[in-house]
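Subject: Structure handed over, with notes on what was found

Dear colleague,

I am passing on the structure we spoke about, and my notes follow below it. Please read them with the structure open beside you.

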Amino acid sequence: MNGSLATWLYAVTAAPEDGTPPRGLTGVADEPVRLVESAGLAAVVGSVPLEDFGEDALRDHLEDLEWLERTARAHHRVINGATGHGQVIPLRFATLYHDDDRVRAMLQERRDDFTATLRRVAGRTEWGVKAYVDPRSFLPDPDEPTGGEESPGTAYLLRRRAQRQDQETAHLRATEQAEAIHASLAALAVATAAHPPQDTALAAYEGWMVLNNSYLVPDALDEEFTALVTDLGERYPAITLEVSGPWPPYSFTAPPKRAEEAQQEETPS
């Protein structure tokens, strides 16, 4: 522990030749952002007060959605700012170490993983694509015979079964189109990552999210990728596409995790 402070990690990058940290960046505690170097790598870090970011305080803060959103934005703002100075490996929110010496030891221990990851994502950025549908657009044609002279109870059960089948058919049709869109986008990417649909309340959308993927795209293909999203939106008018990026490669930088590494990550108390 470094007195009343802990070291908050934002990202890992190759150590710059001049050792200069990204200028003008402040972190989750409005602290100046700096570099901790070891093994040819540099961790982008800040010193945060334990009274706000120690284990107990952090546990309480994580229940505060307003604090969480504000702090998460600050965390990602530093990562995005650091990206302007070179390729980075974003680290997950609330990665804390007791002091800078522990950070240097971590960089030394994971040098091969970090170096390989930086090499893999060099010259590439992440793009996110979400696809939304109104299920009614994919329902079967309603002009179908409803059957004979069933009793009211039987007719009710048949209607409920037909409704379920219609929903399943609509979902299948929407999913097939989403898979076709994904296949087209994946052809321009060197890697893809599928994420689960976001919660409708948190993401504020109606209908179904049938695609929530990330694509690692070479920088030279950025314009082609976004143009393809536009083209696909016109080709599949019943699907609303949303593209975001370019982002640091959040979804493509996780090194293989060994059991002992998880134990080395420390939580200040």
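A pocket, in the sense used here, is an open set of grid points at which a 1.4 Å probe fits, with protein on both sides within 12 Å along at least five of seven lines. Please keep in mind that the model is predicted. With that meaning in hand, the largest pocket comes out at a volume of about 690 Å³. It is lined by 21 residues, and those closest to its centre are His76, Lys130, Gln198, Ser244 and Trp247. Two or more lining residues come from each of helix 3 (65–83), strand 5 (124–133), helix 7 (200–203), strand 7 (208–218) and strand 8 (239–247). Helix 3 makes the greatest contribution to this lining, with 6 residues. By character, the lining of the largest pocket divides into 10 polar, 7 nonpolar and 4 charged residues.

As for the protein as a whole, 9 helices and 8 strands are found in it, and of its 269 residues 38% are buried. Among the contacts with a separation of 6 or more, 78% are between residues 24 or more positions apart. The area that the protein exposes is about 15,100 Å², of which carbon and sulfur atoms supply 49%.

The aromatic rings deserve a paragraph of their own. Searching the whole structure gives 7 aromatic pairs. One of them joins tryptophan 8 and tyrosine 10, with 6.4 Å from centre to centre and 45° between the planes, which is a tilted arrangement; both tryptophan 8 and tyrosine 10 are buried. Another pair is made by tyrosine 132 and tyrosine 205, whose ring centres are 5.1 Å apart and whose planes stand at 55°, so this pair is tilted. Because tyrosine 132 belongs to strand 5 while tyrosine 205 sits in the loop between helix 7 and strand 7, the pair ties together parts that are 73 residues apart in sequence. Both tyrosine 132 and tyrosine 205 are buried.

Which residues do ring pairs link into a cluster? The cluster consists of Trp8, Tyr10, Phe53, Trp67 and Phe93, and the tilted pair of tryptophan 8 and tyrosine 10 described above therefore has both of its residues within that cluster, as the ring definition links pairs whose centres lie within 6.5 Å.

With kind regards

Technical notes:
Residues numbered from 1 in each chain as written. Predicted model: local features only at pLDDT ≥ 70, side-chain atom pairs only at ≥ 80, totals over all residues. Heavy atoms only, no water. 1 Å grid on protein atoms, 1.4 Å probe; cavity = no way out; pocket = protein on both sides within 12 Å on 5 of 7 lines; lining within 4 Å. Points joined across faces, edges and corners; volume = space filled by probe spheres on them. Helix = DSSP H or I, 4+ residues; strand = E, 2+ residues; numbered from the N terminus. Nonpolar A, V, L, I, M, F, W, Y, C, P; charged D, E, K, R; others polar. Buried < 20%, exposed > 50% of the residue type's maximum accessible area, 1.4 Å probe, protein only. Contact = heavy atoms within 4.5 Å. Areas by Shrake-Rupley, 256 points an atom, 1.4 Å probe, with all protein chains shown as cover. Phe/Tyr/Trp six-rings, centres within 6.5 Å; stacked < 30°, edge-to-face > 60°.
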